[in-house]
Structures are given as C-alpha cells and as structure tokens.
Amino acid sequence: MRLLKIGIVVLLGMTLTGCGGETSTSSSQTLNFSEDNGGITLPDNFQAVVVADSVGQARHVTVAENGDIYIALEEEKNGGSIAALRDEDGDGTADQVEYFGSYAGTGIQLHDGYLYSSSDTSVVRYTMEENQLVPRGEAEIVVEGFPDQDSHAAKSFTFDGSGNLYVNVGGPSNACQEEGRTPESPGMDPCPQLENHGGVWQFDANTTGQSFEEDGERYTTGIRNSVALDWNENAGKLYIVQHGRDQLNTLWPDYYTVEDNAELPAEEMFAVDEGDNFGWPYTYYDGLTGQKMIAPEYGGDGETAYEGDEYEDPIITFPAHWAPNDLIFYSGTQYPDHYSSGAFIAFHGSWNRAPEPQQGYNVTFVPFDGAEVDGEYEVFADGFAGQDSLSSPGNAEARPTGLASGADGSLYVTDSQKGKVWRIVYTGDEE
C-alpha cells in the first residue's frame with residue numbers, strides 16, 4: 001500500500017470548513033492520506049486514510065472521543081471478537097491493534113461509559129476506563145436468549161436518548177414460505193415467524209441480565225431484516241433500512257423475468273413509530289412503479305398492488321439487492337453544511353442479480369431536513385468492489401459494512417472481506 005504524506009492539519013473536535021464547530025484542546029494531526037484513497041472514489045475535496053487493511057471480517061464500528069476504534073468481527077481473530085485500534089502518532093493509521101471478547105457478531109457501540117456489542121443471540125457490554133484501549137473486566141450480559149437462526153441472524157442495535165436499546169431481529173427466511181426458497185411454495189398465512197422475528201425489539205439499555213422473551217417489547221414488525229438502523233436525534237425517531245426479499249424469478253418464473261429479479265424489489269428506508277407494520281412477508285415494494293405489491297407467496301402476480309392501509313410506505317428507496325448494512329445520521333461539523341444531519345448508508349452489495357452484474361458496494365448519502373428526506377440519494381463513496389463489472393460478491397475486493405463518525409467529524413467505513421478500515425476527511429478550503 002503506497003501512502004502519500006500530505007501536510008494537512010486536522011484539529012480534532014473542530015470543523016475544517018468554518019461551519020461553526022468549536023475548537024477543542026486536542027492535539028493536531030498530519031494525516032497519511034492514501035494516494036488512491038485506499039482504492040475508493042470520493043467527492044471533490046474529500047480524501048481517505050487507510051487506518052488498517054486486515055483486522056478481520058469487520059462488521060459495525062464505533063469510535064471513542066480520543067480516536068480509539070472498536071470493530072465487531074463476524075468471526076474471532078487472534079482470540080478475540082472485537083478489534084481495538086489506536087493511532088499513537090497522529091497520522092491516521094493504526095499503530096496498535098488488540099483483540100478481545102468472545103461474542104462474535106455485528107453490532108457495536110460506545111454508550112454511557114460502556115462498550116456494547118452483540119452476537120447473534122445476545123447483547124453484552126464492557127466497562128470502559130479512560131485511555132484504556134482494551135477493557136479490563138469481563139463482559140456483562142445485557143440481553144440474552146434471542147432466537148438462534150440460520151439466516152438474517154445479525155442482532156444490530158442502536159440507542160435513543162431516553163435509556164432505551166433497540167435490537168434488530170431479522171426474519172429467518174426469505175418470504176415465510178411453507179418450504180423455504182422452493183419454487184411456487186406458498187407463504188404461511190399468518191406467518192408464524194413474526195411472533196419472535198421480523199422486527200425491532202426494545203429493551204432497557206441500563207439493565208443487565210435481561211432476556212428476550214421476558215423483557216423485550218416489540219417496537220415494530222413486518223421487517224425482513226434491518227441490519228442498518230439508527231436513532232435520529234433531530235427527529236426523535238428510529239430509522240431503519242431493510243434488506244428486500246430475493247429470488248422473485250427463480251421462485252415464481254410465471255410472473256417474473258430474470259430482468260425483473262435483478263431490479264425488484266427496492267431496498268426501503270423507513271421512519272419508525274412504535275407499533276408500525278411494514279408488510280413483510282406479505283408485500284414488497286416495486287421501486288420502478290412506486291407501489292407496494294402483494295407478494296407472490298400471498299396471491300400476488302407481479303402486477304397486483306397492495307391497496308390497504310395496514311402497512312407503512314418507505315420514505316425513500318434504493319435499487320434492488322444493494323444490501324444495506326449500516327446507517328448513521330451525521331452529527332459532525334467537519335463536513336460541509338450539505339451533509340449536516342443527513343444519513344450515510346453502507347451497502348454491502350448484491351449477490352442475486354445474475355446474469356446482470358452485481359451492484360451496490362458503496363456508501364450512499366441521503367440529505368435530511370429534520371425528520372424528512374430532503375432530496376435524492378447520492379453515492380458518496382464508491383469503488384469498494386475493485387472492478388466495474390462484478391459477477392459474484394466473493395470477487396469483490398471490499399464490501400462496506402460498518403459506519404461511524406469520529407469526534408472530529410471524520411467518517412469511518414469498515415469492510416467485511418479482509419477488514420480494511422477507511423477514515424474519510426474533508427480537506428476543502430474553509431468557507
């Protein structure tokens with residue numbers, strides 16, 4: 001990896017663009033920007049540092065006030081399920097990488113003095129001490145007993161400002177068929193999987209020793225899988241981005257062509273109120289026509305729209321099979337005003353658009369005005385796949401999976417293939 005040392009000073013905690021951030025008393029940094037931004041493309045006046053290039057199968061990420069980085073791993077590496085990274089000389093690259101923990105999974109977040117992380121069946125937390133990279137104590141169980149499932153098992157999570165923890169429990173199937181992923185097998189009606197899956201559950205963030213069955217409260221339902229979720233402080237509301245269903249053509253060839261399968265259904269972003277139902281598995285969203293459709297497992301034929309009012313519509317949609325895996329609302333002041341309070345979404349990339357090329361593999365930005373979407377989505381960071389025409393996700397050089405914002409407003413992106421980590425910095429002139 002070739003690095004180009006550029007004499008740009010980043011002051012932690014203050015804006016580079018004169019957008020009103022307060023100057024902190026942190027030390028300055030001269031960052032080692034990668035000559036090619038670590039293989040990705042960015043908007044003008046943005047550059048990337050490769051923080052690390054092989055921490056393991058990285059999932060979500062969180063960044064401490066002092067710049068330490070914590071990454072959840074899908075599988076343990078060097079005896080640990082969490083990678084802890086520290087930059088000791090201020091050049092943006094990790095000089096120290098430590099591993100700890102035994103709960104491999106997806107979710108991770110620093111919150112109220114603790115580091116929370118999740119496996120596929122539990123949420124745990126570690127007590128964090130000031131300037132201590134690796135916690136000394138053992139993990140405490142916050143919630144255990146989540147369904148142990150073969151698919152859509154990631155228990156990603158987020159917090160609100162009132163002491164609540166929200167955990168994704170994905171549907172354990174594609175479309176709740178009587179015989180899973182079997183051509184023309186009808187859907188179970190009602191779908192029994194919705195009893196303990198297919199939604200978001202709420203817990204007390206400050207209580208340990210909880211169980212899914214006894215302490216969880218269903219917050220929303222009708223969600224196939226919302227690995228990407230975040231609480232929007234500006235709106236006082238939960239937002240999620242759903243993985244849409246697969247295999248319309250292979251399961252229902254009388255109704256859908258190969259081309260239909262590549263373009264349907266849309267990936268959907270939802271604003272969530274408690275008690276909302278978003279329609280999985282009974283419906284899907286056709287982004288080409290802008291209609292919620294009846295799923296073929298439940299009597300649909302690719303042309304019959306859902307006409308009821310039981311299910312909520314998306315606030316914005318994205319192309320089919322992009323696979324949204326993380327969502328954050330940007331609260332920093334380093335980036336230009338255009339990005340203030342907007343949403344960044346990491347798209348892991350498709351696997352089932354064949355024979356069309358696979359798509360996604362990017363970080364996309366959605367502008368917001370308070371609680372509302374304020375414009376079209378735009379691809380912010382691209383090129384992770386490393387090639388223009390990708391036939392299989394296994395051939396991708398990188399797949400963006402986790403997002404976090406640092407104290408200085410930099411955006412961090414993780415990759416699930418080998419564990420590459422980018423820090424994206426705005427380097428434009430002050431406004």
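Student: In strand β17 (residues 228-232), how many residues are buried?

Tutor: This is a predicted model. In a regular strand the side chains alternate between the two faces of the sheet. On one side of β17, Ala-228, Asp-230 and Asn-232 are buried, and on the other side Leu-229 and Trp-231 are buried as well. Strand β17 is thus mostly covered, and the count of buried residues is five of five.

Student: Which residue in β18 is the bridge partner of Leu-229?

Tutor: Strand β18 covers residues 237-242 and runs antiparallel to β17, with five bridges joining the two. Together β17 and β18 form a hairpin with four residues between them, and Gly-236 in the turn has a positive phi of about 65 degrees. Within this pairing, the partner of Leu-229 is Ile-240.

Student: Is Arg-353, which forms a salt bridge with Glu-263, buried or exposed?

Tutor: The closest N and O atoms of Glu-263 and Arg-353 are 2.8 Å apart. The pair links distant parts of the chain, with Glu-263 in helix α3 and Arg-353 in the loop between β24 and β25, 90 residues apart. Glu-263 counts as partly exposed because its relative accessibility is 35%. Arg-353 has a relative accessibility of 3%, under the 20% cut-off, and therefore counts as buried.

Student: Which residue forms a salt bridge with Asp-408?

Tutor: Asp-408 lies in the loop between β29 and β30, and its partner lies in strand β31, so the pair ties together parts that are 15 residues apart in sequence. Both partners are buried. With the closest N and O atoms 2.8 Å apart, the partner of Asp-408 is Arg-423.

Notes
Residues numbered from 1 in each chain as written. Predicted model: local features only at pLDDT ≥ 70, side-chain atom pairs only at ≥ 80, totals over all residues. Heavy atoms only, no water. Buried < 20%, exposed > 50% of the residue type's maximum accessible area, 1.4 Å probe, protein only. Pairing = 2+ DSSP bridges. Salt bridge = Lys/Arg side-chain N within 4 Å of Asp/Glu carboxyl O.
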